[in-house]
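Got the viewer open and a selection box ready? Let's take a walk through this one, stop by stop.

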Amino acid sequence: MSETCINCGHSLCARRVPIFSKLDGKEIESVVTLIRRKHFDKGENLFFEGGELQGLIIINRGRAKAYINTPEGKEQILHIFFPGDFFGEKSLFVDKKTEYNVKAVEPVDICMISKKDFQELIKKYPGITSKILQELVNRIDRLESMIENIGAKSVDSRINAVLLEFAQKSLDENQIDSAAQFELPLNREGIANYIGVTRETVSRKLNLLQEEGVIQMIGNKKIKILDKNRLKSE
Amino acid sequence: MSNITINKTDALGDIVAKFPKAAEVLKSYRIDFCCGGHRSLEEAALEKSVDADKVVGAIRALAQELTENQEDFTKMSDERLIDHIINTHHSYLNTNLPEISRLASAVLRAHGDVHPELFEIYKDFHALKADLEQHLIKEEVTLFPGILNSRDEGKVLEEIEDEHEGAGEILRNLRDLSQDYTVPADGCPSYEKLYHKLEELEGDIFQHVHLENNILFKRL
Ligand SMILES: [Fe+2]
Ligand SMILES: [Fe+2]
């Protein structure tokens with residue numbers, strides 16, 4: 001049996017969640033009354049990927065790992081959640097599927113606010129909605145300026161840079177200058193994730209670079225950089 | 001047992017029979033494998049609008065941490081399987097149904113005013129309890145002896161299967177009412193214990209019904 005949330009006093013854990021940060025004391029109190037708790041034993045799954053996310057979940061005690069299963073049934077760990085971490089806040093407003101599995105790696109206590117309860121609450125206190133809206137708009141602002149920064153570095157230059165980076169990790173300068181062959185540490189998909197573009201874009205750009213004589217692909221993984229300077233200049 | 005192959009076209013009941021831990025995964029997606037055990041995983045996933053490949057992936061991953069000395073119910077004789085069902089699952093219910101009932105009364109009295117869903121939970125649980133109590137006896141005095149003596153108990157069997165379905169429905173309802181057995185902020189330790197026991201009860205009944213529907217009755 002758990003002693004869930006005895007130390008947390010609830011309002012503390014609710015305050016950690018940014019979308020609640022603009023709420024005043026009374027409003028936080030009303031949100032806190034919605035908190036439900038549950039204990040998971042070590043090795044138990046909180047949920048599996050692709051299921052219905054029931055609400056906002058705050059890890060209150062213990063650590064949990066987020067992971068996905070590769071088609072071969074291997075685990076790929078994405079993230080470790082520590083006490084105080086939370087996820088699923090978007091599911092308070094819209095239906096969300098879980099994007100990964102979460103498993104308790106030690107005994108875990110969670111606090112949860114369910115979508116169902118939360119929707120009831122904001123019907124009663126519409127003020128809460130507008131404050132959460134403010135916080136969400138702030139967040140969109142921050143994301144927009146972040147995207148602008150990322151976008152500024154064009155897709156071309158990101159691929160060029162990553163090829164040079166990989167070359168420098170496996171070869172020394174002389175070898176690079178003499179167009180030595182090396183192995184890419186990631187497949188197309190991996191490179192795409194690494195620099196934040198689609199796999200198709202990576203494949204297309206690599207083919208283009210090859211046609212232009214900048215690189216030469218040997219099979220799927222091996223590569224030679226024929227013209228280092230053109231990778232740098234773009 | 002490392003070569004466990006699971007495909008999305010397999011029947012749910014067969015998957016759990018071959019690999020009991022799959023029950024955990026299916027439960028989490030709220031896929032019913034005991035009464036709807038004849039459906040393929042693909043069908044059931046579609047119904048819940050989850051990606052069948054994800055479900056298969058999750059089961060495969062769990063399959064790899066399989067404990068080796070796990071009992072294979074599909075290989076047990078009728079007699080041994082029936083013994084196991086009675087000694088494990090009927091005996092679990094005989095002990096726990098009365099205990100949960102007492103707990104439910106205490107919690108209802110203490111928290112029913114603030115959490116009115118407890119009244120529904122109380123009613124549902126006791127409907128389940130009354131139904132199961134006669135159900136267990138029916139199996140023990142009629143159906144199981146009939147199976148062991150190769151008597152045709154077609155009508156009783158139908159009743160039994162309907163009752164399984166009824167129990168499954170109540171359990172689904174209980175899970176909804178309790179919001180996945182999460183305890184409200186002001187819930188006391190007895191509240192926690194009640195929800196913990198109810199969730200354990202759900203798991204036990206699923207496994208119990210699975211052994212009967214998908215393994216024992218399929219042999220008839
Ligand atoms: Fe039974
Ligand atoms: Fe039964």
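Start with chain A and colour by secondary structure: you should get nine helices and eleven strands. Keep in mind as you go that this is a predicted model. Switch to colouring by accessibility and 44% of the 234 residues of chain A count as buried. If you like contact maps, take the contacts in chain A between residues at least 6 apart in sequence: 68% of them join residues at least 24 apart.

**Stop 1: the two domains of chain A**

Make two selections in chain A, residues 10-126 for domain 1 and 153-232 for domain 2, as the domain assignment has them. How far apart do the C-alpha centres of domain 1 and domain 2 of chain A lie? Put a centroid on each and the distance is 40 Å.

**Stop 2: Asn101(A)**

Next, select Asn101(A), which sits in strand S7 (residues 101-104) of chain A. Is Asn101(A) buried or exposed? Its relative accessibility is 0%, so Asn101(A) counts as buried.

Now show its surroundings. Leaving out residues up to four places away in sequence, Asn101(A) touches Asn45(A), Phe47(A), Phe48(A) and Glu49(A), and also Lys65(A), Ala66(A), Tyr67(A), Ile68(A) and Asn69(A). Zoom in on Glu49(A): its backbone nitrogen is 2.8 Å from a polar atom of the Asn101(A) side chain. For a long-range pair, draw a C-alpha to C-alpha line from Asn101(A) to Gln168(A); they are 67 residues apart in sequence and 36 Å apart in space.

**Stop 3: the loop before S7**

Step back along chain A to Val94(A), in the loop between strand S6 (86-87) and S7. With 45% relative accessibility, Val94(A) counts as partly exposed. Add Gly55(A) to the selection: the two are 39 residues apart in sequence, yet their C-alpha atoms are 9.6 Å apart in space.

**Stop 4: helix H2 of chain A**

Select residues 25-32 of chain A, which make up helix H2. Which of its residues are buried? They are Glu27(A), Ile28(A), Ser30(A), Val31(A) and Val32(A). Then look at the N-terminal end of H2(A), where Asp24(A) acts as the cap. A side-chain oxygen of Asp24(A) lies 3.1 Å from the backbone nitrogen of Lys26(A).

**Stop 5: where chain A meets chain B**

Bring chain B into view and select the contact residues on both sides: 27 from chain A and 33 from chain B. The area buried between the two chains is about 2300 Å², with carbon and sulfur atoms giving 43% of it. On the chain A side, label Arg36(A), Arg37(A) and Phe48(A), which lose the most area to chain B; together they make up 31% of what that side buries.

How many salt bridges cross the interface of chain A and chain B? The rule finds three. One to zoom in on joins Glu192(B) and Arg37(A), with the closest N and O atoms 2.6 Å apart. Turn on polar contacts between the chains and the count is 15 residue pairs.

To see which elements take part on the chain A side, highlight strand S1 (36-40), strand S8 (108-114) and helix H3 (115-124), which each give two or more residues. S1(A) has the largest share, three residues. Colour that side of chain A by residue type and you get seven nonpolar, ten polar and ten charged residues.

**Stop 6: His208(B)**

Moving into chain B, pick His208(B) in helix H8 (residues 189-216). His208(B) counts as buried because its relative accessibility is 3%, under the 20% cut-off. Its side chain makes a polar contact with the side chain of Glu212(B), at 2.8 Å. Skipping residues up to four places away in sequence, its contacts are Ile85(B), His89(B), His90(B), Leu93(B), Leu136(B) and Glu139(B).

**Stop 7: two serines with positive phi**

Finish with a backbone check. Most residues other than glycine have a negative phi. Where is Ser49(B)? Look in the loop between helix H3 (41-47) and helix H4 (52-64) of chain B. Its phi is positive, near 45 degrees, and the residue is partly exposed, with a relative accessible area of 47%.

Then jump to Ser150(B), in the loop between helix H6 (117-148) and helix H7 (154-177) of chain B. Phi of Ser150(B) is also positive, near 55 degrees. At 66% relative accessibility, Ser150(B) is classed as exposed.

Key. Residues are numbered from 1 along each chain as its sequence is written. Chains are lettered from A and ligands numbered from 1 in the order in which they are written. This is a predicted model: local features need pLDDT of at least 70, side-chain atom pairs count only at pLDDT 80 or more; totals for chains, interfaces and linings use all residues. Side-chain values use heavy atoms; hydrogens and water are left out. Helices (H or I, at least four residues) and strands (E, at least two) are DSSP runs, numbered from the N terminus. Buried means under 20% relative accessible area, exposed over 50%, partly exposed in between (1.4 Å probe, protein chains only). Domain bounds come from an automatic or database domain assignment. Contact means heavy atoms within 4.5 Å. A polar contact is a pair of N or O atoms within 3.5 Å; within protein, one must be able to donate a hydrogen and the other to accept it, and residues adjacent in sequence count only if both atoms are side-chain atoms. Buried area is the accessible area (1.4 Å probe) that two parts lose on being put together, summed over both. A salt bridge is a side-chain nitrogen of Lys or Arg within 4 Å of a carboxyl oxygen of Asp or Glu. Ala, Val, Leu, Ile, Met, Phe, Trp, Tyr, Cys and Pro count as nonpolar, Asp, Glu, Lys and Arg as charged, and the others, Gly among them, as polar.
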